[in-house]
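Please go through the structure below with an eye to fold, core and charged pairs. A short report follows it.

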Amino acid sequence: MSIYVARTNNRPGLVKIGFTTYPRQRLVGLRRVVDRAIVFVALADGTIFHEHRLHNALKAHHLGGEWYPEGAEPVQSAVSEIAGAPGPFDLAVTNLPTRVC
């Protein structure tokens with residue numbers, strides 16, 4: 001089970017933060033629905049509960065679906081932590097800053 005961060009050229013400056021049990025299949029599905037060029041920029045071990053905590057912590061920056069502005073400081077922090085997570089995924093979302101750059 002994984003938490004992912006995805007980026008696409010169709011939505012510049014935005015990232016999608018989601019959960020999947022099967023990353024390969026999820027990417028294929030996203031390429032069909034969102035954009036053929038979508039890629040995962042970060043992937044870490046995690047559960048649906050981690051994803052819900054992340055979405056709740058980032059709700060002030062939520063743009064619809066699972067999309068967030070990549071430039072917002074809390075989103076940057078979350079993406080950096082996901083990208084650097086060796087697993088298992090354990091993001092301390094309660095410590096994320098709430099300020100937007």
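The report starts with the overall fold, then turns to the salt bridges, the cores and a few single residues.

**Ground rules**

This is a predicted model: local features need pLDDT of at least 70, side-chain atom pairs count only at pLDDT 80 or more, and totals for chains, interfaces and linings use all residues. Residues are numbered from 1 along each chain as its sequence is written, and side-chain values use heavy atoms, with hydrogens and water left out.

**Overall fold**

The protein has 3 helices and 4 strands. Their order along the sequence is β-β-α-β-α-β-α. Helices (H or I, at least four residues) and strands (E, at least two) are DSSP runs, numbered from the N terminus.

The protein has 101 residues, and 41% of them count as buried. Buried means under 20% relative accessible area, exposed means over 50%, and partly exposed is in between (1.4 Å probe, protein chains only). About 5800 Å² of the protein is exposed, with carbon and sulfur atoms supplying 53% of it. Accessible areas come from the Shrake-Rupley method with a 1.4 Å probe; for residues, only the protein chains shown count as cover.

Take the contacts between residues at least 6 apart in sequence: 63% of them join residues at least 24 apart. Contact means heavy atoms within 4.5 Å.

**Salt bridges**

How many salt bridges does the structure hold? There are 2. A salt bridge is a side-chain nitrogen of Lys or Arg within 4 Å of a carboxyl oxygen of Asp or Glu.

| Acid | Base | N to O distance |
|---|---|---|
| Glutamate 70 | Arginine 7 | 2.3 Å |
| Glutamate 66 | Lysine 16 | 2.7 Å |

Glutamate 70 pairs with arginine 7. Glutamate 70 sits in the loop between β4 and α3 (73-84), and arginine 7 in strand β1 (residues 2-7), so this pair ties together parts that are 63 residues apart in sequence. Glutamate 70 is partly exposed, with a relative accessible area of 23%. Arginine 7 is also partly exposed, at 32%.

Glutamate 66 bridges to lysine 16. Lysine 16 belongs to strand β2 (residues 14-20) and glutamate 66 to the loop between α2 and β4, so the pair ties together parts that are 50 residues apart in sequence. Are these two residues buried or exposed? Both glutamate 66 and lysine 16 are buried. For glutamate 66, the relative accessibility is 19%. Apart from neighbours within four places in sequence, glutamate 66 is in contact with Tyr4, Val15, Lys16, Ile17, Gly18, Glu51 and His55.

**Cores**

In soluble globular proteins, nonpolar side chains tend to be buried together. A nonpolar core is a set of buried Ala, Val, Leu, Ile, Met, Phe, Trp, Tyr and Cys residues joined through side-chain atoms within 4.5 Å.

The largest nonpolar core here has 15 residues; Val5, Ile17, Leu54, Leu58, Val75 and Ile82 touch the most other members. β1, β2, β3 (39-45) and α3 each supply at least two residues of this core. α3 gives the most, with 4 residues.

Valine 5 is in contact with Val15, Lys16, Ile17, Val39, Phe40, Val41, Ala42, Val79 and Ile82, leaving aside neighbours within four places in sequence. Another core lies apart from the largest one; it has 7 residues, among them Tyr4, Ala6, Leu14 and Leu27.

**Helix α2**

Which residues of α2 are buried? They are His50, Glu51, Leu54 and His55. These residues lie on the same side of α2, because they cover an arc of only 135° around the axis. The arc is that of the directions from the helix axis to the C-beta atoms. The cover over the buried residues of α2 includes β1, β2, β4 and α3.

**Two single residues**

Serine 2 is in strand β1. Serine 2 counts as buried, at 9% relative accessibility. Residues up to four places away in sequence aside, serine 2 touches Gly18, Phe19, Thr20, Pro23, Leu43, Ala44, Asp45 and Gly46.

Asparagine 10 is in the loop between β1 and β2. Asparagine 10 counts as exposed, at 52% relative accessibility. Beyond its neighbours within four places in sequence, asparagine 10 is in contact with Val34 and Asp35. The C-alpha atoms of asparagine 10 and valine 34 are separated by 8.2 Å, and the two residues are 24 residues apart along the chain.
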